Amino acid sequence: MRESVRAWTALMLLCIFPGATTAEMGAQATNPGASVASRQAAQGPQASAPADSDASAPAQTQSPTKTTSGERRKAAKLYLEASKLFVNGQFEAAMDEYQLATKLDPGNTDYRLSVEVARSHAVTALIQSASKARLLGDDGSARADLERALALDPRNMEATEHLDELGDDALRAQEKPLYPQAGSELEDVVVLEPEAGVHSFHLRSDRRNVIEQVFKAYGITAMLDDSVSTEATRLDVDDARFDEAMRLLGLVTQTFYVPLDAHRALVAKDTRELRERFTREEMETIHLPGLSDTGDESELTEVGNVAKNVFNVQQVATDAGESSLTLRAPPETLAAFNSTIRVLLDGRNQVLLDIKMIQVAHNATRNTGAQLPQTVTGFNVYAEEQSLLNQNASLVQQIISSGLAAPGDTLAILAILLASGQVSSSIFQNGLALFGGGLTASGVELGSVTFNLNLNTSDSRELDDIQLRLGDDEAGTIKEGERYPIQTSSYSSLSPNLSSIPGLTGAGNSSGLGSLLGALTSTVPNIPMVEYQDLGLTLKATPKVMRKDTVAITLDMKLDSLSGSSIDGNPILNSQSYSGVATLKEGDATVLAANLNKSQSLAISGTPGLSEIPGLNNVTDKNLQSNYATLIIVITPHVVRGTQAAGHTPMMLVDKSGTIQ
């Protein structure tokens with residue numbers, strides 16, 4: 001039964017695909033390995049990869065595989081699908097499809113070139129994505145994109161450089177110690193190891209007994225010095241940790257303690273002499289390169305004075321040659337001094353001001369309507385004719401003698417004169433109207449009529465995106481505009497009044513010397529002295545980092561422009577200024593100023609009375625001009641470096657009896 005089913009299936013395949021079967025049988029007859037290679041290429045790169053890797057060396061001696069028509073059709077179909085993916089920006093998927101088409105039809109060079117083009121676009125897209133992720137602070141995504149780009153094109157130098165820059169950023173982000181401390185300590189610092197937990201104390205006894213009981217409660221043995229007195233003391237505190245209890249005990253009993261080991265401490269009276277005797281001190285050398293060590297105000301000396309006066313370090317030695325400072329003090333003092341110096345060397349807070357200046361201007365001029373005649377001229381027709389004929393008597397005689405017109409036909413004579421262009425009159429230029437008859441015939445000359453239909457408009461939009469990185473309480477200035485020259489004075493190298501020179505300015509001068517004298521006295525060169533004035537916007541900003549993530553910005557803004565008029569040749573300047581302080585959250589935006597200048601003018605030309613009638617004034621000539629300009633300044637502060645810690649330690653009040661409030 002199974003054999004019959006297989007036979008029927010084979011017969012149906014032969015009927016449906018006779019050409020493919022014949023081509024495959026012919027290929028097997030000529031090259032037995034061709035059918036296997038074609039099936040592997042059709043199955044994709046996963047199926048063909050093992051065959052390629054196993055037969056890489058023998059393939060050099062075998063003859064190339066002949067591509068069938070079916071493989072060409074499938075390769076062309078894959079090429080079209082890959083082109084669609086390429087247009088949609090899916091470069092890696094398009095590259096894979098191009099590679100499949102190349103394997104199916106290796107003889108087509110377009111497929112191989114398309115693979116390289118898709119690979120180049122894919123690598124470029126990954127590098128751009130990595131750069132965007134790096135700007136946003138996502139170094140992980142940036143590194144993944146760059147590694148993928150190198151996997152696609154291992155020889156791409158641009159991806160390698162971006163990857164190296166990521167490594168440099170990681171190195172710069174690592175916190176480096178102020179100075180190397182490896183090997184500078186002889187032994188570990190002794191630290192007490194009290195028992196964890198809180199305890200309450202309500203003790204009324206002498207100081208020595210109170211001290212022993214408090215230390216014993218935390219598992220520490222107190223070794224009392226003879227300086228500790230037996231004066232009566234009262235201590236009342238609830239739920240205190242070891243450090244809190246020790247601080248309160250020192251205030252009440254006027255003592256201090258020094259750790260001897262992890263479970264023992266020496267307690268003595270809190271005096272300067274005893275602290276210097278019992279407190280364990282360490283010596284440390286701090287290298288401060290870059291500080292000046294010459295002159296009366298040596299920076300290295302100032303740092304030493306800070307250690308002495310602020311941190312009460314008794315032994316301070318400066319070495320100008322090495323730019324170093326050697327201190328000998330308790331470990332707590334050295335730690336506090338190191339922390340302070342680290343903050344000073346790291347610098348102040350830094351604020352990035354993102355300033356956007358938006359300028360919008362609109363200018364429009366509209367001239368519409370008709371301008372009717374403004375003047376009407378009346379005249380006597382007979383008098384005007386006689387005037388023209390009398391003025392051109394010779395021409396009139398020529399017309400009559402030539403037979404062009406009869407002697408009494410004045411209208412024909414006038415028409416010939418006007419048509420020949422020999423005679424012109426303003427009366428006949430714009431047309432006229434006649435009324436009356438005979439000697440009383442009169443004419444009226446109407447003026448010209450002008451129709452206007454003109455529109456002129458312009459719009460401009462400008463966006464300036466400026467970033468200022470300033471230190472805490474550091475001023476920064478932005479200037480937008482131009483520098484206008486203003487003449488303040490002039491300098492002349494020659495005087496128009498020359499001194500008396502015999503033979504030149506006096507008697508006996510020749511004609512040649514006279515011309516030279518005239519040139520010197522008439523032409524005196526002037527050298528102007530010019531001062532440049534800043535026109536436009538001048539913005540000065542001073543940020544100050546406050547508590548609770550707020551930034552106070554002191555702003556000074558000034559707008560200078562020409563007014564269009566002058567006095568004694570000096571232009572008049574228009575000035576607008578603003579000063580203030582804006583306090584806002586870090587990352588929030590504020591609008592500094594919105595300056596609006598708007599002007600509108602309307603001019604109407606027409607017949608008096610008619611142009612003033614509502615509804616008819618639109619028919620007359622109307623010239624409308626409207627201008628407005630807007631300036632908006634948006635400022636957004638970002639704290640890019642915060643080195644100063646904010647906040648306060650808890651406050652405690654201790655009265656004279658030693659009770660904590």
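Is aspartate 270 buried, partly exposed or exposed? Select it in your viewer and let's begin there, keeping in mind that this is a predicted model.

**Stop 1: a salt bridge to start with**

Aspartate 270 is partly exposed, with a relative accessible area of 37%. Now add arginine 275 to the selection: the two side chains meet in a salt bridge, 2.6 Å from N to O. Arginine 275 is partly exposed as well, at 38% relative accessible area. Side chains of opposite charge can pair when their charged atoms come close. A search of the whole structure turns up 17 salt bridges, and a few others are worth a visit.

**Stop 2: a pair within one helix**

Select helix α7, residues 109-135, and show the side chains of glutamate 116 and arginine 119. These two form a salt bridge whose closest N and O atoms are 3.5 Å apart. In the sequence they are three residues apart, about one turn of the helix. An α-helix has 3.6 residues a turn, so residues three or four places apart point the same way. Compare the surroundings of the two partners: glutamate 116 is partly exposed, with a relative accessible area of 46%, whereas arginine 119 is buried, at 19%. The limit for calling a residue buried is under 20%.

**Stop 3: a pair that spans the sequence**

Next, pick lysine 544 and aspartate 472, whose side chains meet in a salt bridge of 3.7 Å, N to O. Lysine 544 sits in strand β15 (residues 526-545), while aspartate 472 is in the loop between β13 (450-471) and β14 (476-492), so this pair ties together parts that are 72 residues apart in sequence. Here lysine 544 is partly exposed, with a relative accessible area of 35%, and aspartate 472 is buried, at 3%. Before moving on, select Arg204, Arg234 and Asp236: salt bridges that share partners join them into one network.

**Stop 4: the largest nonpolar core**

Switch to the nonpolar side chains. The largest nonpolar core has 23 residues, and Phe201, Ile211, Val214, Phe215, Leu235 and Leu249 touch the most other members. To see where the core comes from, colour β1 (199-206), α10 (207-217), β2 (221-224), β3 (232-240), α11 (242-253) and β5 (264-269), since each of these supplies at least two of its residues. The largest share, six residues, comes from α11. Now centre the view on phenylalanine 215: leaving aside residues up to four places away in sequence, its contacts are Ile220, Ala222, Met246, Leu249, Tyr257, Ala265 and Val267. Apart from this core lies another, of 22 residues, including Val351, Met357, Ile466 and Met557.

**Stop 5: a three-stranded sheet**

Go to the open sheet with the strand order β6-β8-β7, which is paired in the antiparallel sense. Which strands stand at its edges? They are β6 (282-287) and β7 (315-319); each has a single partner strand, so one side of each is left without a neighbour in the sheet. Neighbouring strands here are turned by 15 degrees against each other on average, direction ignored. Zoom in on β7 and β8 (residues 324-329), which pair over five bridges. For one of the paired positions, select alanine 317 and find its bridge partner in β8, threonine 326.

**Stop 6: a helix with a buried face**

Finish at helix α17, residues 410-420, where Ile413, Leu414 and Leu417 are buried. Look down the axis of α17: the buried residues fall within an arc of 100 degrees, so they line one face of the helix. Turn to the other side of α17 and you will find Leu411 and Ala419 exposed.

Notes:
Residues are numbered from 1 along each chain as its sequence is written. This is a predicted model: local features need pLDDT of at least 70, side-chain atom pairs count only at pLDDT 80 or more; totals for chains, interfaces and linings use all residues. Side-chain values use heavy atoms; hydrogens and water are left out. Buried means under 20% relative accessible area, exposed over 50%, partly exposed in between (1.4 Å probe, protein chains only). Helices (H or I, at least four residues) and strands (E, at least two) are DSSP runs, numbered from the N terminus. The arc is that of the directions from the helix axis to the C-beta atoms. Two strands pair if DSSP finds at least two bridges between them. Axes are lines fitted to C-alpha atoms, for helices over the stretch in contact, and angles run from 0 to 180 degrees between N-to-C directions. A salt bridge is a side-chain nitrogen of Lys or Arg within 4 Å of a carboxyl oxygen of Asp or Glu. A nonpolar core is a set of buried Ala, Val, Leu, Ile, Met, Phe, Trp, Tyr and Cys residues joined through side-chain atoms within 4.5 Å. Contact means heavy atoms within 4.5 Å.
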